[in-house]
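Hi everyone, thanks for making the time. I'd like to walk you through one structure today, so please have the sequence and the 3D view open while I talk.

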Amino acid sequence: MSNKELSIRTEDLTLEDVGKYFVETDFDRQTIDSLKSKKTIVLQGARGVGKSFLLKVAQKEMDEDFPKAKTLAVYITFNAAGLLQTSDPERFKHWMLAKICNKVIREGRKKGVLQSSSSVFSTLASGANDEAIASRLETLWRSLEDSWKNDTARLETDSGIDPEMIKDAVEDLCDQAGVRRVVLLIDEAAHVFIPEQQRQFFTVMRDLRSPYLSVKAAVYPGVTYFGDSFQMSHDAELINVNRNILDPSYLAAMREIVVRQDPELEKPITRNGAVFDALAFSSSGNPRTLLKTISATSPLNMNNAQRVMKEYYRDTIWADHSALADRYIGHGEVINWGRQFLWNEVISALHKGTRQTGDTDKRVFLWIHRDAPAAVKEALRLLCYSGILYEAGTWVIGTRAQTGTRYMINIGTRTAPDADPVSATNRLRGSISIKRFAEFGANHEAYESIAKLDVEKMNGIQQEFIKSQLDRSVDLLDLTDFAKRACKKLGYDTVGKILAASEANLQEAKYVGTVRSRRVMNKATAAVMEYLSG
């Protein structure tokens with residue numbers, strides 16, 4: 001077995017490494033071409049699926065094509081945003097704008113389209129040259145990031161710039177230096193931000209759109225909040241990064257990803273083909289998970305693979321998910337409910353059925369009714385963030401022609417409870433059907449403990465976060481005019497009053513039954529849910 005250390009994270013790779021390790025699939029090519037295009041793109045996927053890697057590949061290709069295409073790629077990571085835990089929203093906004101401008105100027109100089117004495121960006125700072133402006137902005141965003149070390153020190157927080165000034169400066173750069181377009185590739189765009197910062201980011205992302213500037217942002221499912229001013233269907237194209245484990249070329253591509261990093265692994269992988277296939281299939285299309293588990297399975301053999309699959313998919317992945325409750329304090333109850341639901345109601349139930357009938361239950365999909373409580377949907381979204389679930393289709397028809405959302409359970413978490421998870425995973429491989437799923441209706445008994453968002457039981461911090469939302473008029477909710485009138489006739493004219501009522505109370509209105517009352521309650525709950533953690 002090779003002693004070479006596999007690179008788990010893209011941050012550890014140079015652009016040269018990225019080119020060397022890239023294993024292209026049809027989906028990857030389409031995604032990269034979109035990242036290089038004029039379109040505003042939101043790249044969404046769980047941790048480790050390869051969003052950063054795809055951004056880096058796009059950057060590398062644009063760098064190499066720059067002499068001909070004149071498209072300036074600017075890669076920026078916002079992974080330090082978590083250091084700006086401040087009650088001053090302007091501090092975060094100016095940190096973000098300063099960082100963007102500084103990186104554009106630096107990249108322009110690197111490509112030779114901005115000289116040290118030029119003043120293309122002079123509108124940003126009273127006629128100073130670009131070098132002086134970049135230096136001042138770098139000092140500003142670095143001091144903001146370091147402010148947590150001494151929060152009593154006085155800081156300059158105003159960058160003096162806004163999105164319009166950035167757009168004007170980029171247009172000047174394109175006109176004067178013959179640059180066709182600037183593409184901002186923003187990584188970790190909404191990972192560590194508190195929801196208020198995420199809303200600010202997406203407002204800026206929308207405001208930066210111009211013929212000379214396009215923004216691509218990598219985000220996570222479940223923990224990203226776009227705010228009221230950013231509408232996905234109008235302001236950006238959403239690309240979900242999910243590798244299809246049912247694709248005939250899936251296992252070969254995953255094998256190539258490992259071998260590209262360490263060619264010495266090819267022989268042990270060939271000798272232990274079934275073991276490797278089980279690990280690759282268990283990773284559910286997540287290259288980082290595969291590289292982690294392969295690294296821990298050294299030397300690669302059946303016993304080590306059994307041990308690693310049990311450790312990782314029974315314990316590690318669930319511990320990481322549970323830790324989210326510390327980061328998203330307001331969502332703690334939802335996170336804990338989601339873990340218990342998936343483990344007790346779904347995975348354990350599938351295994352129990354197998355034990356009772358003696359016939360292996362081969363389902364790896366579940367289906368949730370479209371009118372399930374909003375808190376249930378939020379819990380499932382957070383499981384998607386952790387890579388324990390993957391959304392696999394909306395408006396999917398279930399029994400009795402009902403519609404809902406289909407999710408795929410992470411294969412490793414599905415088979416880890418088995419005494420022999422390697423064999424269990426390989427048994428599943430040839431028999432998975434997207435048409436078979438465990439169904440959970442709109443009012444499943446498992447929802448009872450989470451179905452109602454009880455504002456009165458929230459702590460003071462949570463109540464402060466959602467205060468402004470509780471006073472919002474029912475007219476601002478995405479409801480039909482009929483539903484709004486029905487709520488107001490009963491006196492439920494704000495979000496807070498609806499949440500204080502019950503679905504039975506809402507059904508007192510004429511022509512409002514169980515379905516309409518649930519949808520009204522879900523809209524009110526969803527309006528508040530986003531703000532539970534800030």
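Let's start at a single residue, N522, which sits in helix α22. This is a predicted model, by the way, so please hear everything I say in that light. Is N522 buried or exposed? It is buried, because its relative accessible area is 11%, and the cut-off for buried is under 20%. Which residues does N522 touch, once we set aside those up to four places away in sequence? They are D371, A372, P373, A374 and K377.

While we are at α22, let me show you a cavity there. Helix α22 spans residues 514–529, and together with α19, residues 481–489, each gives at least two residues to the lining of the second largest cavity. The volume of that cavity is about 60 Å³. If you want to find it on screen, select A483, A486, C487, L490, L506, A509, V512, R516, S517 and V520, which line it. Sorted by class, that lining has 8 nonpolar residues, 1 polar and 1 charged.

How many cavities of 30 Å³ or more does a search of the whole structure find? The search finds 2. As a reminder of the idea, rolling a probe the size of a water molecule over the atoms shows where empty space is left.

On to the largest cavity, then, which holds about 440 Å³ of space. It is lined by 30 residues, and T10, G48, G50, F53 and P287 are the closest to its centre. Four elements give two or more residues to this lining: α2 (26–35), α3 (51–69), α9 (250–261) and α12 (287–296). Which of the elements provides the largest share? That is α3, with 4 residues. By class, the lining of the largest cavity is made up of 15 nonpolar, 7 polar and 8 charged residues.

Helix α3 takes us to the sheet. Please rotate until you can see 5 strands in an open sheet, in the order β2-β3-β4-β1-β5, with parallel pairing. At the edges are β2 and β5 (237–240), each pairing on one side only. On average, neighbouring strands of this sheet are turned by 15 degrees against each other, ignoring direction. And α3 packs on the sheet: it touches β1, β2, β3 and β4, and its direction makes about 150 degrees with that of β2.

Now two of the strand pairs in closer view. Strand β2, residues 71–77, runs parallel to strand β3, residues 181–187, and 7 bridges join the two. Within that pair, Y75 stands opposite L185 in β3. Is β2 mostly covered or mostly open? Mostly covered, with 6 of its 7 residues buried. The other pair is β1, residues 41–44, with β4, residues 213–219, again in the parallel sense and over 4 bridges. There, I41 has K216 in β4 as its bridge partner.

Next, a few backbone details that deserve a click. Just look at K70, in the loop between α3 and β2. Its phi is near 60 degrees, a positive value in a residue other than glycine. K70 is partly exposed, because its relative accessible area of 30% falls between the cut-offs of 20% and 50%.

R400 also has a positive phi, about 55 degrees, although it is not a glycine. You will find R400 in the loop between β8 (396–397) and β9 (403–409). Why do we call R400 exposed? Because its relative accessible area is 78%, and exposed means over 50%.

One more backbone stop: the peptide bond that joins S298 and P299 is cis, with omega at about 0 degrees. P299 lies in the loop between α12 and α13 (302–327).

Let me zoom out to finish. The protein chain has 22 helices and 10 strands. Of its 534 residues, 55% are buried. And if we take contacts between residues at least 6 apart in sequence, 73% of them join residues at least 24 apart.

That's my tour. Thanks for listening, and I'm happy to go back to any of these views with you.

Conventions
Residues are numbered from 1 along each chain as its sequence is written. This is a predicted model: local features need pLDDT of at least 70, side-chain atom pairs count only at pLDDT 80 or more; totals for chains, interfaces and linings use all residues. Side-chain values use heavy atoms; hydrogens and water are left out. Buried means under 20% relative accessible area, exposed over 50%, partly exposed in between (1.4 Å probe, protein chains only). Two strands pair if DSSP finds at least two bridges between them. On a 1 Å grid over the protein atoms alone, a cavity is a set of points where a 1.4 Å probe fits but cannot get out, and a pocket is an open set with protein on both sides within 12 Å along at least five of seven lines; lining residues have an atom within 4 Å of a point. Grid points are joined across faces, edges and corners, and a volume is the space filled by probe spheres set on the points. Ala, Val, Leu, Ile, Met, Phe, Trp, Tyr, Cys and Pro count as nonpolar, Asp, Glu, Lys and Arg as charged, and the others, Gly among them, as polar. Axes are lines fitted to C-alpha atoms, for helices over the stretch in contact, and angles run from 0 to 180 degrees between N-to-C directions. Contact means heavy atoms within 4.5 Å.
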